[in-house]
Amino acid sequence: FLVYCNEIFPTQVRGLGIGISSAIGTMASTSSPYIFGSRVQTNHGTSNIMIVLSVISLISAIIQYKLP
């Protein structure tokens, strides 16, 4: 992961870019079980959660495809 990130960011902001990317990824991976766990407990069901995760994955794939 870090080898690829080193090539994405310009030299002047490489450390800051990798740091921010890592921080956002850590916050998302830490908070997602609590967010989706609370959705299951409020009787929204698991199918709605899977739809949300699928849409997020699809949007991510489209964005990555559009990048140079």
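How many helices and strands make up the secondary structure of the protein? Colour the model by secondary structure, and you will find three helices and zero strands, where helices (H or I, at least four residues) and strands (E, at least two) are DSSP runs numbered from the N terminus. This is a predicted model, in which local features need pLDDT of at least 70, side-chain atom pairs count only at pLDDT 80 or more, and totals for chains, interfaces and linings use all residues. Residues are numbered from 1 along each chain as its sequence is written, and side-chain values use heavy atoms, with hydrogens and water left out.

Next, select residues 14-41, which form helix α2. The 28 residues of α2 should span 40 Å at 1.5 Å a residue (the count taken being one less than the number of residues), and this agrees with its end C-alpha atoms, which are 41 Å apart.

Now move along α2 to S31, where a kink of about 35 degrees lies shortly before the proline P33; the bend is the angle between axes fitted to the seven residues ending at a residue and the seven starting there.

Finally, select L16, also in α2, which counts as exposed because its relative accessibility is 56% (exposed means over 50%, buried under 20%, partly exposed in between, with a 1.4 Å probe and protein chains only). Across the protein, buried residues make up 6% of the 68 residues.
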